[in-house]
Amino acid sequence: MSKLTEMMEWLDLGAHYNDLKDVHLRELFGKDLERTNNMSIEACGLFLDYSKNRIQDDTVGKLVALAEACGMKDAVKAMFSGRKINESEDRAVLHIALRNRRNNAIEVDGENVMPGVNSVLERMANFANEVRAGTWKGYTGRQILNVVNIGIGGSDLGPAMACEALKPFSKREITVRFVSNVDSTHFAEATRDLNPEETLFVVASKTFTTQETMTNAQTARQWVLDSMKDEEAVARHFVAVSTNADEVAKFGINTELMFEFWDWVGGRYSVWSAIGLPLMLSIGPLNFMTLLEGAHAMDCHFEEAPLWENMPVVMGLLSVWYNNFFGAHTHAVLPYDQYLHRFAAHLQQLDMESNGKSVGKDGEPVDCETGPVIWGEPGTNGQHAFYQLMHQGTRLIPADFIGFCKTHNNLSDHHDKLMANFIAQTEALAFGKTADEVKADGTEGTLVAQKTFEGNRPTNTILAEELNPFTLGALVALYEHRVYVQGVIWGVNSFDQWGVQLGKVLASKVLDEIQAGDDAKLDHDSSTNGLIRRVREGK
């Protein structure tokens, strides 16, 4: 297969970009009064308006042609069939099986994975119901009122985001917190006001050897033992999400309370698995199943909808359009709902760990830009922070605006004002304000230029009726599949993360050197050696 940038469809898009790059959204909307109707998709409780993008009628067709030339349809089939599309690790990629509510058979190496998935979900539900009902008690007989998840990366970001997003559906008597950072402050502050006798720790580590997670887990273990003075207490205050039964048992956790997941579940795609146990403890099994239903609905849409009417495909292709043709190096995700304040953090790992690659699946350097930098904050906070740069800065920053027609906290006219800002910002970014319009307001002199807004800044608008388990499931699955679409176009493996490993390996060596105190064994560069000495001396 030819290099991406040599493909006929890529070259056609390049010529199309040259024709379109100076065309303003004002002109595009002026020429097509049906533009929004023609450039919107509704599926799985989500409405996507992509009309405020710098495209015209034939742009999506050209992008879809590129997707077809890159084998998009076959790539989607490959994922859903259980083929080992994570080629560098020889693994299937089946987060879609975790929320397969149709329960049709999905096979890996000739074995249907669904009985195992359903068994773990059932065990999770039984345990969650016991804890929530107060029948699962701590070592001293007290009810569990606090759940602390200990994990990192995908074992933290996904469930932490979802617990915040679905707080209105949670059992408020149970406090759920997350500890991920190996910085001792994170553990200390997360547990400072908790009673060990009422606290359950969920230790999430596939291997049960992850340095940060197990350091925090050992500290939690000692925290429990300092209070209850008996090794037997560990089995009543810890459960594990892992596959390493030996290490789990060695820690003191009853392996009947080890909830497994599989090597075909990538960490950043794992909130649907046993990694979601703290979320299930918070919102209950029924709401957790509804979350899976929403994600499954988006899976079906992604698998079945034509490419030009397929929400993840269109969003993924638009991202390629800006990243590779307009040279936009970042992408903002701006949820107008405070409950989604951790959403961008989850997407940072999902997107940047997946597609932050400079080598393709063929082992050769890629010949184009790959993953953009993902960032964002909830509206309206961002409006008083970084929107200035988005409106009048020199960088083009495509953005996704996410909003909901209903609020869970109907105070005065707060929500109307929130949604007014939500809608107005996309209008302002698209159409700006001309110098003539500024002058018509009575502005004169140099202020005219300073108050002029170029506009022509592209946005997607995603709107749903309300933020609930179903719509959150659909929304997260939408972005998961969008990431895969981009990876297929760029020819990278979106499901490995070798770039995470080197720092871990070096950190282990540096840790030994910090603690050993032997200068003779320092064999790094002068900067690294000097920093190690300074940290040792400063301790």
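**Exercise 1. Two helices that cross**

The crossing of helix 8 with helix 16 is left-handed. Keep in mind that this is a predicted model. Your task: work out how helix 8 and helix 16 run relative to each other, and which residues make the contact.

*Solution.*
Step 1. Look up the geometry: the axis of helix 8 (residues 157-165) and that of helix 16 come within 9 Å, and they cross at roughly 155 degrees.
Step 2. Compare that angle with the cut-off: angles over 145 degrees count as roughly antiparallel. Helix 8 and helix 16 are therefore roughly antiparallel to each other.
Step 3. Find the residues in contact. Helix 8 contributes Leu157, Gly158 and Met161, while helix 16 contributes Phe343, Ala345, His346 and Gln349.

**Exercise 2. Following Phe343**

Take one residue from that contact and describe the surroundings of Phe343: is Phe343 buried or exposed, and which residues does Phe343 touch?

*Solution.*
Step 1. Place the residue: Phe343 belongs to helix 16, which covers residues 343-355.
Step 2. Check the accessibility. Buried means under 20% relative accessible area, and Phe343 has 0%, so Phe343 is buried.
Step 3. List the partners. Leaving out residues up to four places away in sequence, Phe343 touches Met161, Val333, Ile402, Leu475, Val476 and Tyr479.
Step 4. Look at one partner along the chain: Val476 is 133 residues away from Phe343 in sequence, yet their C-alpha atoms are separated by 8.9 Å.

**Exercise 3. Nonpolar cores**

Now widen the view. How many residues does the largest nonpolar core have, and which helix gives the largest share of this core?

*Solution.*
Step 1. Count: the largest nonpolar core has 132 residues.
Step 2. Name the residues with the most contacts inside this core: Phe127, Trp264, Trp321, Phe343, Leu472, Tyr479 and Ile489.
Step 3. Ask where the core's residues come from. Helix 21 (residues 469-490) supplies the largest share, 13 residues.
Step 4. Pick out Trp264. Apart from neighbours within four places in sequence, Trp264 is in contact with Ala92, Val93, Leu94, His95, Ala97, Leu98, Val108, Val113 and Val117.
Step 5. Note that another core, of 24 residues, lies apart from the largest one; Ala190, Ala217, Ala233 and Met258 are among its residues.

**Exercise 4. Salt bridges**

How many salt bridges does the structure hold? Then take the pairs Arg101 with Glu293 and Asp519 with Arg536, and work out what parts each pair ties together.

*Solution.*
Step 1. The total is 27 salt bridges.
Step 2. Arg101 and Glu293 are one such pair, with a distance of 3.8 Å from N to O. Arg101 sits in the loop between helix 6 (95-98) and strand 3 (107-108), and Glu293 sits in helix 14 (residues 285-304), so the pair ties together parts 192 residues apart in sequence.
Step 3. Check the accessibility of both ends: Arg101 is partly exposed at 29%, and Glu293 is partly exposed at 34%.
Step 4. Turn to Asp519 and Arg536, whose side chains meet at 2.1 Å, N to O. Asp519 lies in the loop between helix 22 (501-516) and helix 23 (526-538), and Arg536 lies in helix 23, so this pair ties together parts 17 residues apart in sequence.
Step 5. Compare the accessibility here: Asp519 is partly exposed, with 39%, whereas Arg536 is buried, with 17%.
Step 6. Finish with a network: Lys84, Asp90 and Asp109 are joined by salt bridges that share partners.

Terms used. Residues are numbered from 1 along each chain as its sequence is written. This is a predicted model: local features need pLDDT of at least 70, side-chain atom pairs count only at pLDDT 80 or more; totals for chains, interfaces and linings use all residues. Side-chain values use heavy atoms; hydrogens and water are left out. Helices (H or I, at least four residues) and strands (E, at least two) are DSSP runs, numbered from the N terminus. Buried means under 20% relative accessible area, exposed over 50%, partly exposed in between (1.4 Å probe, protein chains only). Contact means heavy atoms within 4.5 Å. A nonpolar core is a set of buried Ala, Val, Leu, Ile, Met, Phe, Trp, Tyr and Cys residues joined through side-chain atoms within 4.5 Å. A salt bridge is a side-chain nitrogen of Lys or Arg within 4 Å of a carboxyl oxygen of Asp or Glu. Axes are lines fitted to C-alpha atoms, for helices over the stretch in contact, and angles run from 0 to 180 degrees between N-to-C directions. Angles under 35 degrees count as roughly parallel, over 145 as roughly antiparallel, 65 to 115 as roughly perpendicular and the rest as oblique. A crossing is left-handed if the near helix is turned anticlockwise from the far one by less than a right angle, and right-handed if clockwise.
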